[in-house]
Amino acid sequence: MIHKKIGAFIFQDVQNPNETKTTAVTLRLYALILSVYFLVLFCVCCFLRDVPSSLLTLICSILYVFAFRITYLNHTHFASIFSQLLTLLWITVFIQRFGWDCGVQHFLFVLLVLNFAVSFHRIRTKIFVGICTCAYRLLLYSYTRYHLPVFQLSTDSSICIQTIDTLFIFAELITVMIIFTQNSQQMEHKLMRYNLELEHIASTDPLTGLFNRWQMYKRLETCISRYTQHKLQTLTVAMGDIDFFKHVNDTYGHDAGDEVLRTLSRLFCTVIGEKGEVCRWGGEEFLIHNGTHDSTHEVLEKLRREIENSECIYKQQKINISLTIGVAQRNADGDIEEWIKRADDRLYY
């Protein structure tokens with residue numbers, strides 16, 4: 001329960017509508033990790049009996065706690081500038097005091113990532129800040145080439161501090177990247193779901209849930225392409241029309257006609273299933289594609305019997321349904337329109 005409360009506190013949303021939660025949370029975690037980092041260094045400096053460095057690390061830890069606090073006061077922009085300037089300041093002081101071997105200059109990489117992640121400036125300004133950060137790192141390196149550190153670290157102390165630096169630098173980088181990549185991934189998943197929904201809407205008939213004419217054309221084109229490549233058996237389509245559908249609408253109303261269409265679409269899905277594909281071609285007409293000529297006749301005969309033995313119940317009234325079907329094979333050189341027209345002609349015949 002405690003860790004949930006801590007998590008809720010850290011990930012608390014901002015009150016200012018001009019600030020973002022992601023930026024505030026990133027700055028909070030950045031400040032918390034560095035405050036812990038300086039507490040660890042405080043212990044190391046106490047062990048080394050370096051009183052000035054112990055005080056310095058303790059002050060830095062307190063300042064990052066302050067940076068963490070001001071993110072809750074609707075001052076995210078100020079917190080960002082304060083955190084970045086504070087980081088530049090203590091890196092400079094540490095390089096001057098302990099030399100290049102202390103490894104704190106690598107925190108400039110974290111600062112660079114943070115600048116791009118939470119800065120409110122334009123991209124040109126961010127690039128300029130990145131160039132300045134690179135130049136500053138080179139400047140620090142040049143300084144250490146000509147100036148000895150105030151406190152000379154032993155080999156063991158240098159290894160210890162370098163190890164601590166590496167752990168916390170990676171912790172900072174991973175934290176910032178997780179927050180921002182998670183945000184983009186969530187947005188990407190939302191877009192993918194939205195695109196799937198749009199594709200579903202564009203490819204299905206809203207009343208029956210069957211494919212619409214446009215989607216059926218695509219399916220038939222894919223089937224013909226596969227047939228051409230692999231020399232499959234003869235392809236067939238069937239055009240079905242509900243008998244006396246106008247009479248149903250005139251007698252029971254259009255809502256009853258819609259229920260008849262939905263009832264038929266459920267029967268199509270039950271009987272044909274994965275064996276074929278069905279679309280609402282228009283009005284009370286349906287187009288069925290079911291592979292080879294022989295299997296199509298078997299499936300359609302089963303479908304005809306199921307429809308004949310079924311009833312549509314609308315407002316406690318039974319409506320009998322029957323379907324007339326025309327079947328056509330595809331000629332080797334015929335196009336889709338001609339193929340469907342032959343099925344339509346046989347339906348009317």
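**Talking through the model**

Colleague: Let's start with the E4 and E5 pair: how many bridges join E4 to E5?
Modeller: Keep in mind that this is a predicted model. E4 covers residues 311–314 and E5 covers 317–320. The two strands run antiparallel, and the number of bridges joining them is four.

Colleague: And which residue in E5 is the bridge partner of Ile313?
Modeller: Ile313 belongs to E4, where it points to a face with Glu311 and is not buried. Across in E5, its bridge partner is Lys318.

Colleague: Which side chains of E4 point to one face and are buried?
Modeller: The side chains alternate along E4. Glu311 and Ile313 point to one face and are not buried. Pointing to the other face, and buried, are Cys312 and Tyr314.

Colleague: What about the turn: which residue in the hairpin of E4 and E5 takes a positive phi near 50°?
Modeller: That hairpin has two residues between its strands. One of the residues in the loop between E4 and E5 is Gln316, but its positive phi is about 65°. The residue with a positive phi near 50° is Lys315.

Colleague: Is Gln316 buried or exposed?
Modeller: Gln316 is not a glycine, yet its phi is positive. Its relative accessibility is 82%, and the cut-off for exposed is over 50%, so Gln316 counts as exposed.

Colleague: There's another non-glycine with a positive phi of about 60°; where is Arg49 found?
Modeller: Arg49 is exposed, with a relative accessible area of 76%. As for its place in the chain, H3 spans residues 51–70, while H2 spans 21–47. Arg49 is found in the loop between H2 and H3.

Colleague: On to the open sheet: in what order do its strands come?
Modeller: Four strands form it, with antiparallel pairing. E2 (277–282) and E6 (323–329) are the edge strands, since each pairs on one side only. From one strand to the next the twist averages 25°. The order is E2-E3-E1-E6.

Colleague: Which residue in E3 does Cys279 stand opposite?
Modeller: E3 covers residues 285–289, and it pairs with E2 in the antiparallel sense over five bridges. Standing opposite Cys279 in E3 is Leu287.

Colleague: Two helices lie across that sheet, so to speak; at what angle does H12 run to E6?
Modeller: Take H10 (residues 254–272) as well: it lies across E1, E2, E3 and E6, running at about 10° to E3. H12 (residues 336–348) also lies across E1, E2, E3 and E6. Its angle to E6 is about 140°.

Colleague: Is Gly326 buried or exposed?
Modeller: Gly326 sits in E6. Leaving aside neighbours within four places in sequence, it is in contact with Val237, Ala238, Met239, Ala343, Arg346 and Leu347. Its relative accessibility is 2%, and the limit for buried is under 20%, so Gly326 counts as buried.

Colleague: How many disulfides does a search of the whole structure find?
Modeller: A disulfide needs sulfur atoms within 2.5 Å. The sulfur of Cys134 is 9.8 Å from the closest cysteine sulfur, in Cys132, so it is too far for a bond. For Cys160 the closest cysteine sulfur is in Cys45, at 9.8 Å, again too far. Across the whole structure, the number of disulfides found is zero.

Colleague: Is Cys134 buried or partly exposed?
Modeller: Its relative accessibility is 47%. The partly exposed range goes between 20% and 50%, so Cys134 counts as partly exposed.

Colleague: What volume does the largest cavity have?
Modeller: The whole-structure search finds one cavity of 30 Å³ or more. Leu41, Cys45, Thr57, Phe94, Phe98 and Ile161 line the largest cavity. H2 and H4 (76–98) are the elements giving two or more residues to that lining. The volume is about 40 Å³.

Colleague: Last one: what is the relative accessible area of Gln105?
Modeller: Gln105 lies in the loop between H4 and H5 (107–118). Apart from neighbours within four places in sequence, it is in contact with Ile91, Ile95, Trp100 and Arg137. Gln105 is buried, and its relative accessible area is 2%.

Methods
Residues numbered from 1 in each chain as written. Predicted model: local features only at pLDDT ≥ 70, side-chain atom pairs only at ≥ 80, totals over all residues. Heavy atoms only, no water. Axes fitted to C-alpha atoms, helices over the stretch in contact; angles between N-to-C directions. Contact = heavy atoms within 4.5 Å. Buried < 20%, exposed > 50% of the residue type's maximum accessible area, 1.4 Å probe, protein only. 1 Å grid on protein atoms, 1.4 Å probe; cavity = no way out; pocket = protein on both sides within 12 Å on 5 of 7 lines; lining within 4 Å. Points joined across faces, edges and corners; volume = space filled by probe spheres on them.
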